[in-house]
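Visitor: Hi! I have a structure open here and would like to talk it through with you. Could you take a look?

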Amino acid sequence: MSNEWPLFEVFIRGQHGLSHRHVGSLHATDAAHAIQNARDVYTRRKEGVSIWVVPAAQITASSPDDKGALYDPADDKVYRHPSFFDIPDEAGAM
Amino acid sequence: MSATGLIRMGDNALVLGQRLSEWCGHAPALEEDIALANIALDLIGQTQLWLGLAATRGAGDSADALAFHRDAWDFRNLLLVEQPNRDFAVTMMRQFLFDSWHFEALTALCDHSDTEVSAIAQKSLKEVTYHRERSTDTVIALGDGTDESHMRMQGALDRLWPYVGEMFTHDDDDLTDMTALRVPFDTYVLTALDAATLTAPASDFAHQGGKTGARHSEHLGHMLAVMQSLPRSYPDATW
């Protein structure tokens, strides 16, 4: 449909201390309308304490075709992973 | 305190909640569909509280009994809320006018001397604050929108304005002085209508007979026939 409302991506912060997570997208006439719609579409079961909306057109995404060049070189550099350390329990989620 | 005042609050929420639920699966956008269904559920939840309290004050056996086993002439809702959905403009204008009254009524009831009444009002007011924000934004966006949306919103306002006056009629059964709500209602509504480039009709003519039960419009009976058919056909039905 040509007169579809613009698409917004929605990010919800589930609890204090956690980062906003992408939960999906929706259509709305503007950002304020998108916040209202996000409240109805994505937080009706008390999922969130904070909502971000971003116009989907404003997101620049990497191309799936560049997957090899972007990510494969990291495959054989195991020393980049902090997997050789014991993480104390007190440090919490990493 | 008269249980009739509680039933009036409950019936308004019940009838409008049922009306809004008729949009489920039919609204012009998925997001609006979910929003209307959420608001309908908020209102049905408030109905359970108001009619539940009315039942404990001797008005009936339970909230369900009051909702499903009374006939149209026993309902005490405003004529505004039983008006049919028609198009999205009429639905949202009806919502805006009701939310604007509902907000002022609940605000007043938050200070009611009966602690159960004030507790229900305080819980409901949080929901209705959002309802009013949403319907106001929609009325402004569509009123100050395209030629088509403006024409439809002005038509909806002209159609529904004669149902505004009944909200501010008062008798001893009411839980608060309804006449006192008119000034804050007018201040809020006229400001929003101005932003929406809409003009309220000059006439103060008001249809009446909903909250007294004396003369409901013909639409209520049809709506109740749908709403009540299942519990009346299967009296002990459970999920």
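Visitor: How many helices and strands are there in chain B?

Guide: Happy to help! Keep in mind that this is a predicted model. Chain B has 9 helices and 0 strands, and its pattern along the sequence reads α-α-α-α-α-α-α-α-α.

Visitor: And what radius of gyration does chain B have?

Guide: The value for chain B is 17 Å, which agrees with the figure near 18 Å that a compact globule of 239 residues would have. Taken along the principal axes, the C-alpha atoms of chain B fill a box of roughly 50 × 40 × 30 Å.

Visitor: What share of chain B is buried?

Guide: Of its 239 residues, 42% are buried. As for contacts in chain B with a separation of 6 or more, 73% come from residues 24 or more positions apart.

Visitor: Let's pick a helix pair. At what angle do H5(B) and H8(B) cross?

Guide: Helix H5 (residues 88-109) of chain B and helix H8 (residues 182-195) of chain B cross at roughly 140°, and their axes come within 10 Å.

Visitor: Why does that count as oblique?

Guide: Because an angle has to be over 145 degrees to count as roughly antiparallel, H5(B) is oblique to H8(B).

Visitor: Is that crossing left-handed or right-handed?

Guide: The crossing of H5(B) and H8(B) is right-handed.

Visitor: Which residues make the contact?

Guide: H5(B) brings Ser100(B), Trp101(B) and Glu104(B), while H8(B) brings Pro184(B), Phe185(B), Tyr188(B) and Val189(B). Sorted by class, the contact of H5(B) with H8(B) has 5 nonpolar, 1 polar and 1 charged residues.

Visitor: Over to chain A. What pattern does chain A follow along the sequence?

Guide: Chain A runs β-β-α-β-α, with 2 helices and 3 strands. Its radius of gyration is 19 Å, well over the 12 Å from the globule rule for 94 residues, so chain A is more spread out than a compact globule. The C-alpha trace of chain A spans about 50 × 40 × 15 Å along its principal axes.

Visitor: And how much of chain A is buried?

Guide: In chain A, 14% of the 94 residues count as buried. Residues 24 or more positions apart make up 41% of the chain A contacts with a separation of 6 or more.

Visitor: Last topic: how many residues does each chain put into the contact?

Guide: Chain B gives 8 residues and chain A gives 11 residues. On the side of chain B that touches chain A, helix H2 (30-59) and helix H6 (115-143) of chain B are the elements that give two or more residues. H2(B) gives the most, with 4 residues.

Visitor: What about the classes on that side of chain B?

Guide: The side of chain B that touches chain A has 4 nonpolar, 1 polar and 3 charged residues.

Methods:
Residues numbered from 1 in each chain as written. Chains lettered and ligands numbered in written order. Predicted model: local features only at pLDDT ≥ 70, side-chain atom pairs only at ≥ 80, totals over all residues. Contact = placed C-beta atoms within 7 Å. Nonpolar A, V, L, I, M, F, W, Y, C, P; charged D, E, K, R; others polar. Rg over C-alpha atoms; globule rule 2.2 N^0.38 Å. Buried ≥ 20, exposed ≤ 12 C-beta atoms within 10 Å, placed from the backbone. Axes fitted to C-alpha atoms, helices over the stretch in contact; angles between N-to-C directions. Parallel < 35°, antiparallel > 145°, perpendicular 65-115°, else oblique. Left-handed = near helix turned anticlockwise from the far one by under 90°.
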